[in-house]
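Here is a short set of exercises to work through with the model open in your viewer. Try each task yourself before you read the solution.

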Amino acid sequence: MPQPQKKASPASRSAPAGNKPKPAVKRPSKPSEVRIIGGQWKRTRLAVADKLGLRPTPDRVRETLFNWLASLAGAGGGELPGWQCVDAFAGTGALGFEAASRGAASVLLCEQDAALVAQLQAVRTKLEAEAVRIERGNGLTALERVPAGSLDVVFLDPPFDNTALHEPALRAAVRALRAGGSVYLEAPRRWSDEELAALGLSAFRYLKAGAVHAHLLRPAAQGTA
């Protein structure tokens, strides 16, 4: 006499053998704060808001970048005396406040997010950073308004998910640079010499740190040194 068959349990019906549930995908962690590396506000900590897409330049990368810039300034002590700067996609303001801390005469921070602009204003007030101006709006538009040949350095750190900003921002930055000026570009990939040459730029220094590709660029006629 045939034996009655056992009914499959709900678990055995819904989960075929060999299939395991996939672990949840974790977003990369980001710091809750970054710090100013040098100058009069050295070790000052800047809060990093919990906002999607906000990705402050890591402390180690900024330290290297400002060593590069200080070598170009030639003033010693890591200073950028009298420099005119624009941080076109400011976010936390780490790049712009670092430049002001090191003696830059004028730093324009551009940011579209209202909450981040309020945070930047609070830091400016706390530090009494008279050289810093903060503008809510499009960084690319702000760069296009800057007088040609007036800036020592332009910081370009746009959101990694909006790579369409890179080329027009680089073109606007080149127009705004004075002779001997530089552009810092932070991007999700390395830009080739051919791509940069088409924009009138050449790579002066480069480093990769995790997902960050950091480029210090100069007008092509100045060479790579």
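Which residues of α3 are buried?

**Exercise 1. The burial of helix α3**

Task: List the buried residues of α3 and look at what follows the helix.

Solution. Bear in mind throughout that this is a predicted model.

Step 1. Go through the helix, which covers residues 94-101. The buried residues are A94, L95, G96, F97, E98, A99, A100 and S101.

Step 2. Count them: 8 of the 8 residues of α3 are buried, and the helix is mostly covered.

Step 3. Look just past the end of α3, where G103 has a positive phi of about 100 degrees.

**Exercise 2. A salt bridge inside the structure**

Task: Find which residue forms a salt bridge with E98, and work out whether E98 is buried or exposed.

Solution. Side chains of opposite charge can pair when their charged atoms come close.

Step 1. The partner of E98 is R62, and their closest N and O atoms are 3.3 Å apart.

Step 2. Place both residues: E98 belongs to helix α3 and R62 to helix α2 (residues 59-73), so this salt bridge ties together parts that are 36 residues apart in sequence.

Step 3. Apply the cut-off for burial, under 20% relative accessible area. E98 has 0% relative accessibility and therefore counts as buried. R62 is buried too, with a relative accessible area of 0%.

Step 4. Widen the view. A network of salt bridges links R35, D59, R62, E98 and R102.

**Exercise 3. Two salt bridges to set beside it**

Task: Describe the salt bridge of E33 with R45 and the one of E167 with R171, giving the accessibility of E33, E167 and R171.

Solution. The count of salt bridges comes to 9, and these are two of them.

Step 1. In the pair E33 and R45, the closest N and O atoms are 3.3 Å apart. E33 sits in strand β1 (residues 33-35) and R45 in strand β2 (residues 45-47), so the residues are 12 apart and the pair links distant parts of the chain. E33 counts as partly exposed because its relative accessibility is 37%.

Step 2. E167 and R171 meet through their side chains at 3.2 Å, N to O. Both lie in helix α6, 4 residues apart, which means that about one helical turn separates them.

Step 3. E167, at 38% relative accessibility, counts as partly exposed. R171 is partly exposed as well, with a relative accessible area of 46%.

**Exercise 4. The sheet and strand β4**

Task: Write down the strand order of the open sheet, then trace the pairing and burial of β4.

Solution. Strands of a sheet pair through backbone hydrogen bonds, either parallel or antiparallel.

Step 1. The open sheet has 7 strands in the order β5-β4-β3-β6-β7-β9-β8, and its pairing is mixed. At its edges are β5 (132-136) and β8 (201-209), each of which pairs on one side only. From one strand to the next, the twist averages 15 degrees.

Step 2. Follow β4 (residues 106-111) to β3 (residues 84-87): they pair in the parallel sense over 4 bridges. Q84 has S106 as its bridge partner, and D87 stands opposite L109. Between β3 and β4 the chain passes through helix α3, making a right-handed β-α-β crossover.

Step 3. Now go to β5, which runs parallel to β4 and is joined to it by 5 bridges. Here C110 stands opposite E135. The crossover from β4 through α4 to β5 is also a right-handed β-α-β one.

Step 4. In a regular strand the side chains alternate between the two faces of the sheet. In β4, S106, L108 and C110 point one way, V107, L109 and E111 point the other way, and all are buried. With 6 of its 6 residues buried, β4 is therefore largely enclosed by the rest of the structure.

**Exercise 5. An aromatic pair**

Task: Where in the chain are F66 and F155, and how is their aromatic pair arranged?

Solution. A search of the whole structure gives 1 aromatic pair.

Step 1. F66 and F155 form a tilted pair, 5.8 Å centre to centre, with 35 degrees between the planes.

Step 2. F66 is in helix α2 and F155 in strand β6, 89 residues apart, and the pair links distant parts of the chain.

Step 3. Both F66 and F155 are buried.

Terms used
Residues numbered from 1 in each chain as written. Predicted model: local features only at pLDDT ≥ 70, side-chain atom pairs only at ≥ 80, totals over all residues. Heavy atoms only, no water. Pairing = 2+ DSSP bridges. Helix = DSSP H or I, 4+ residues; strand = E, 2+ residues; numbered from the N terminus. Axes fitted to C-alpha atoms, helices over the stretch in contact; angles between N-to-C directions. Buried < 20%, exposed > 50% of the residue type's maximum accessible area, 1.4 Å probe, protein only. Right-handed = clockwise from strand over helix to strand, strands pointing away. Salt bridge = Lys/Arg side-chain N within 4 Å of Asp/Glu carboxyl O. Phe/Tyr/Trp six-rings, centres within 6.5 Å; stacked < 30°, edge-to-face > 60°.
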